[in-house]
Amino acid sequence: MAINRRATVAWSGDIKTGKGLISTESGALSEYPYGFAARFEGAKGSNPEELLGAAHAACFTMALSAELAKAGLTAERLETKARVTLDKQDEGWAVTASHLTLEGTVPGTDAATFQRLAETAKANCPLSKVLKADITLEATLK
């Protein structure tokens, strides 16, 4: 059974001065601005790498919640930060890494078990599977 999720972007103008709008089927984003300045110059608005990082962190954290449940554990809190690296290469720009930093409070487990379950979640998260970038993880049990 396949599940399809949709997002729509609209773009007007050239690459440097043009403006884009991102909308998601769920309505979480509705014509949210993005563009060159937000992507490369730190201007207000979003960018594809930030959205990819948010999606990867969310996917991984949900996958970890499932791994914890399989082990009979429930997280009090999981917080995942993602840092997506966009590098200029000879053939153009490429996402080369997604670094996940996780802090978790999970009663009833130890650091070794937490790390093992986090690594399993990292490997099995659907977005980790689709990314060809180097995906790294730091997991800390509080």
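**Exercise 1. A warm-up on one residue**

Is V130 buried or exposed? Find V130 in the structure and decide.

*Solution.* Start with a reminder that you are looking at a predicted model.
Step 1: locate the residue. V130 sits in helix α4.
Step 2: look at the relative accessible area, which is 57% for V130.
Step 3: compare with the cut-off. Exposed means over 50%, so V130 is exposed.
Step 4: try a distance as well. V130 and A58 are separated by 72 residues in sequence, and their C-alpha atoms are 15 Å apart in space.

**Exercise 2. The overall layout**

Describe the protein by its helices and strands, its box and its buried share.

*Solution.* Step 1: count the elements. There are 4 helices and 6 strands.
Step 2: walk along the sequence, and the pattern reads β-β-β-α-α-β-β-α-α-β.
Step 3: picture a box around the C-alpha atoms. Along the principal axes, this box is roughly 55 × 35 × 30 Å.
Step 4: turn to burial. Among the 142 residues of the protein, 32% count as buried.
Step 5: check how far contacts reach along the chain. Taking contacts between residues at least 6 apart in sequence, 50% of them join residues at least 24 apart.

**Exercise 3. Inside the largest nonpolar core**

Which elements give two or more residues to the largest nonpolar core? Follow one core residue to its contacts too.

*Solution.* Step 1: find the centre of the network. The core has 17 residues, and those touching the most other members are F60, L64, L68, L78, L102, F114 and A118.
Step 2: list the contributors. Two or more residues come from each of α2 (48-70), β5 (92-105), α3 (111-124) and β6 (134-141).
Step 3: pick out the largest share, which is 5 residues from α2.
Step 4: zoom in on L64. Beyond its neighbours within four places in sequence, L64 contacts L78, L102, F114, L117, A118 and A121.

**Exercise 4. The two sides of a helix**

Which residues of α3 are buried, and where around the helix axis do they lie?

*Solution.* Step 1: describe the helix. With 14 residues, α3 reaches 20 Å from its first C-alpha to its last, close to the 20 Å expected at 1.5 Å a residue.
Step 2: name the buried residues of α3, which are F114, L117, A118, A121 and K122.
Step 3: look down the axis. These buried residues span an arc of only 145°, so they are on the same side of α3.
Step 4: recall a rule about helices. An α-helix has 3.6 residues a turn, so residues three or four places apart point the same way.
Step 5: see what lies over the buried residues. Their cover includes α2, β4 (77-89), β5, α4 (126-130) and β6.
Step 6: examine a lysine among them. K122 has a relative accessible area of 18%; because buried means under 20%, K122 counts as buried. Not counting residues up to four places away in sequence, K122 touches F60, S128, I135, T136 and L137.
Step 7: finish at the start of α3, where a side-chain oxygen of D110 comes to within 3.2 Å of the backbone nitrogen of A112.

**Exercise 5. Pairs of rings**

How many aromatic pairs does the structure hold? Work through two of them.

*Solution.* Step 1: the count is 3 aromatic pairs.
Step 2: take W11 and Y34, a tilted pair with 5.4 Å centre to centre and 55° between the planes. W11 belongs to strand β1 (residues 7-12) and Y34 to strand β3 (residues 32-34), so this pair ties together parts that are 23 residues apart in sequence.
Step 3: compare accessibility. W11 is partly exposed at 34%, whereas Y34 is buried at 17%.
Step 4: move to F36 and F40, also a tilted pair, with 4.8 Å between centres and 40° between planes. Both are in helix α1 (residues 36-40), and being 4 residues apart, they are separated by about one helical turn. F36 is buried at 16%, while F40 is partly exposed at 31%.
Step 5: add W93, which ring pairs link with F36 and F40 into a cluster.

**Exercise 6. A histidine and its partner**

What joins the side chains of H99 and E138?

*Solution.* Step 1: place H99 in strand β5.
Step 2: note that H99 is buried, with a relative accessible area of 10%.
Step 3: a polar contact of 3.0 Å joins the two side chains, H99 and E138.
Step 4: widen the view. Setting aside neighbours within four places in sequence, H99 also has contacts with K81, A82, R83, T136 and L137, as well as E138.

Key: Residues are numbered from 1 along each chain as its sequence is written. This is a predicted model: local features need pLDDT of at least 70, side-chain atom pairs count only at pLDDT 80 or more; totals for chains, interfaces and linings use all residues. Side-chain values use heavy atoms; hydrogens and water are left out. A nonpolar core is a set of buried Ala, Val, Leu, Ile, Met, Phe, Trp, Tyr and Cys residues joined through side-chain atoms within 4.5 Å. Buried means under 20% relative accessible area, exposed over 50%, partly exposed in between (1.4 Å probe, protein chains only). Contact means heavy atoms within 4.5 Å. The expected span of a helix is 1.5 Å times one less than its number of residues. The arc is that of the directions from the helix axis to the C-beta atoms. A polar contact is a pair of N or O atoms within 3.5 Å; within protein, one must be able to donate a hydrogen and the other to accept it, and residues adjacent in sequence count only if both atoms are side-chain atoms. Rings of Phe, Tyr and Trp (its six-membered ring) pair if their centres lie within 6.5 Å; planes under 30 degrees apart count as stacked, over 60 as edge-to-face and the rest as tilted.
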